[in-house]
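Here is a short report for someone meeting this structure for the first time. Look over the sequence and the model, then read on.

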Amino acid sequence: MAVPERRHRRAEGGFALLEAIVAIVLFAAAGMALYGLFNTNLISLLRVHDVSREAPVVRYAIEQLQAVDPRRTEAGQFQVDGFDVTWTARLVEPVRQGQNGLGVLGDFEVGLYEIEFDIADAGRSLGTWRLRQVGFEKVRGFAPEGFIF
């Protein structure tokens with residue numbers, strides 16, 4: 001009588017434990033890389049959104065501040081579309097008598113001011129900007145009646 005030969009067979013339909021671990025590690029590494037890319041893109045998208053909201057506010061704030069006379073008002077605050085704008089002005093160049101193109105004393109005293117303004121949204125600062133502006137005052141010459149300097 002012949003004894004049947006036993007063969008060691010490997011299961012043909014499944015995965016070995018080592019193969020499953022390698023597949024999970026590769027899947028996890030790819031998932032982490034995709035999550036990092038997604039997170040970076042989301043942060044960039046939010047920053048672009050903030051900047052697109054800020055740009056018109058900054059332009060309008062600059063327009064408002066250009067109408068301010070820094071010789072008379074050194075600081076202030078106003079609102080633009082729900083954003084709080086706080087500003088301060090400081091003298092950069094001393095006030096002196098202006099001159100015309102020929103070097104003759106002019107009618108105005110002028111000084112160069114730096115206006116620093118901060119824009120905040122619900123208490124969160126969006127940034128600080130600086131603007132240089134000339135402050136002037138008419139000190140001599142003829143001024144028509146009712147003309148305000």
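The report below goes from the overall layout to the sheet, the helix and two loops.

## Overall layout

This is a predicted model. The protein has one helix and four strands. Along the sequence, these elements follow the pattern α-β-β-β-β. The chain holds 149 residues, and buried residues make up 20% of them. About 11800 Å² of the protein is exposed. Carbon and sulfur atoms supply 59% of that area. Contacts can also be sorted by sequence separation. Among those with a separation of 6 or more, 46% are between residues 24 or more positions apart.

## The sheet

The four strands form an open sheet. Their order is β1-β2-β3-β4, and the pairing is antiparallel. Which strands stand at the edges? They are β1 (75-80) and β4 (124-138). Each has a single partner strand, so one side of each is left without a neighbour in the sheet. From one strand to the next, the twist averages 25 degrees.

Two of the pairings can be followed in detail. Strands β1 and β2 run antiparallel and are joined by six bridges. Here Val80 stands opposite Phe83 in β2. Strand β2 covers residues 83-99, and β3 covers residues 105-121. Twelve bridges join β2 to β3, again in an antiparallel arrangement. Asp84 stands opposite Ala120 in β3.

## The helix

Helix α1 spans residues 17-66. It lies across β1, β2, β3 and β4. Relative to β4, α1 runs at about 20 degrees.

Two residues of this helix show contrasting surroundings. Take Glu54 to begin with. Glu54 lies in α1. Is Glu54 buried or exposed? Its relative accessibility is 8%, so Glu54 counts as buried, the cut-off being under 20%. Leaving aside residues up to four places away in sequence, Glu54 touches Arg47, Leu126 and Trp129.

Now take Tyr35. Tyr35 also lies in helix α1. Its relative accessible area is 54%, and Tyr35 is exposed because that value is over 50%. Tyr35 helps make a nonpolar surface patch of about 560 Å². The other members of the patch are Phe38, Leu42, Leu45 and Leu46.

## Two loop residues with positive phi

Most residues other than glycine have a negative phi. Two loop residues here take a positive value.

Asp81 lies in the loop between β1 and β2. Those two strands form a hairpin with two residues between them. Asp81 is not a glycine, yet its phi is positive, at about 50 degrees. Ala122 lies in the loop between β3 and β4. Ala122 is not a glycine either, and its phi is positive, at about 55 degrees.

How much of each residue is accessible? Asp81 has a relative accessibility of 70%, so it counts as exposed. Ala122, with a relative accessible area of 76%, is exposed as well. The table sets these loop residues out side by side.

| Residue | Loop | Phi | Relative accessible area |
|---|---|---|---|
| Asp81 | between β1 and β2 | about 50 degrees | 70% |
| Ala122 | between β3 and β4 | about 55 degrees | 76% |

## In short

The model has a helix lying across four strands. The strands make an open, antiparallel sheet. On the helix, Glu54 is buried, whereas Tyr35 is exposed. In the loops, Asp81 and Ala122 each have a positive phi.

Key:
Residues are numbered from 1 along each chain as its sequence is written. This is a predicted model: local features need pLDDT of at least 70, side-chain atom pairs count only at pLDDT 80 or more; totals for chains, interfaces and linings use all residues. Side-chain values use heavy atoms; hydrogens and water are left out. Patches are made of residues with over 30% relative accessible area and no salt bridge: like charges are joined within 9 Å, nonpolar side chains (Val, Leu, Ile, Met, Phe, Trp, Tyr) within 5 Å. Accessible areas come from the Shrake-Rupley method with a 1.4 Å probe; for residues, only the protein chains shown count as cover. A salt bridge is a side-chain nitrogen of Lys or Arg within 4 Å of a carboxyl oxygen of Asp or Glu. Buried means under 20% relative accessible area, exposed over 50%, partly exposed in between (1.4 Å probe, protein chains only). Two strands pair if DSSP finds at least two bridges between them. Axes are lines fitted to C-alpha atoms, for helices over the stretch in contact, and angles run from 0 to 180 degrees between N-to-C directions. Contact means heavy atoms within 4.5 Å.
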